[in-house]
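User: I would like to go through the terms used for this structure and see what stands behind each of them.

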Amino acid sequence: MSHQLNNYIREQVKSFKAYSPGLSIDEIKSRFGLGRVIKMASNENPLGVSPVVQQVLVQNSGLAFRYPGANNPELCRSIADHLGVDSGNIVCGNGSDELIDLLIRMLAVPGRDNIVAFDPCFSIYRLQAGLSGVEFRQARLNHDFSFAWDMLRELVDQNTRVVFLTNPDNPSGYAAPASELQKFASGLPPGCCLVVDEAYIDFAEPRNRYSALSFWQQDSSVAVLRTFSKMHALAGLRLGYAILPAVLADYMRRIRLPFSVNILAEKAGQAALKDNAFTSATLSVITQGRKYLQKELEKLDCRVYPSQANFIMFEPPMEADKVFQELLKRGVIIRPLKSYGFSHLLRVSIGTEEENNILIEYLQDIID
Ligand SMILES: *Cc1c(COP(=O)(O)O)cnc(C)c1O
């Protein structure tokens, strides 16, 4: 790179390592000359977009020439009604990714403040903190991937603005009961916000035992992040929301790019919230698939970590990378956890009954 501006790019930008998403279906089709490829790598909903939501998208496609309402008031109201909170506590974003970025930029002063999370954690927390020039501290999870609360608390000081927590956690599927989160939150210094990322909370059984919304209060320093990407099968449309104390919500609405949630995502999100047939179908596919995969993987001598999410982390009885590559050749994409620092572990998203069967059949072949 020889352009003269190269010397003036911010240090945090130069050293930035871009997020690495799972492999795409088209990539693997062309690499191995396959007709069918099954993707079980990114925790997407195996049922695809609900027919009800598809119809709403088609019906509203003619609206795409309009700007969405600034800050999506109707969608915020629908979400608030759905959760039983005030709509002043809801902010929508272009995926929860955008909200993570906004929280960091709203609260943490570069060069002074810090952000705390577990190791491993969802990489967006670290990446966006780094881009903002904010120190990022991590506490190792326990060996079984349960939460090491004391280690996490030790990293918090008076300059800690945010503690990020994913519950149920990614990539392990572990979930801590809400009572533990509440106790941890109550021990944080004032000025430190606990952000609970509940991307997978809909798959936890029973949900209320785990969700931070069970103790969330308007005047607490707790924020909860939710997404339409997993349960509601809208990962490609980009829609997430935060439940926040009203003061934080107010500032966040002011600094957010006004139209980051597009008009079709607004309509689709409202329809998805009411689509009970789809959410119960999804829940049933995920909970049954989770039991099935857990049992079958164990039969294949895999060490399976208990999961409350729509994916399962496991250690195969042979080299994990070999298992990953052999599945790829056969047209099944799963997620190696090498980039998280666990080269012996794999993560697989729960698929349809048929997809789960195919996965197990191939694994029998590969492992035997
Ligand atoms: C999938 C996922 C999300 C969702 O991100 P979106 O930007 O809403 O698609 C958030 N947090 C974690 C930990 C996830 O795994």
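**The ligand and its surroundings**

Analyst: Helix H5 (residues 95–107) contributes the most to the shell around the ligand, with three residues. This is a predicted model, in which local features need pLDDT of at least 70 and side-chain atom pairs count only at pLDDT 80 or more, while totals for chains, interfaces and linings use all residues. Residues are numbered from 1 along each chain as its sequence is written, and side-chain values use heavy atoms, with hydrogens and water left out.

User: What makes a residue part of the surroundings, and which are the closest to the ligand?

Analyst: A residue is near a molecule if one of its heavy atoms lies within 4 Å of it. By that criterion 13 residues surround the ligand, and the closest are Asp-197, Tyr-200, Thr-227, Ser-229 and Lys-230.

User: Why is the pair formed by Asp-197 and the ligand called a polar contact?

Analyst: A polar contact is a pair of N or O atoms within 3.5 Å. A polar side-chain atom of Asp-197 lies 2.7 Å from a nitrogen atom of the ligand, so the pair meets that definition. For Ser-229 the distance from a polar side-chain atom to an oxygen atom of the ligand is 2.6 Å, and for Arg-238 a polar side-chain atom lies 2.7 Å from an oxygen atom of the ligand.

Definitions and conventions
A polar contact is a pair of N or O atoms within 3.5 Å; within protein, one must be able to donate a hydrogen and the other to accept it, and residues adjacent in sequence count only if both atoms are side-chain atoms. Helices (H or I, at least four residues) and strands (E, at least two) are DSSP runs, numbered from the N terminus.
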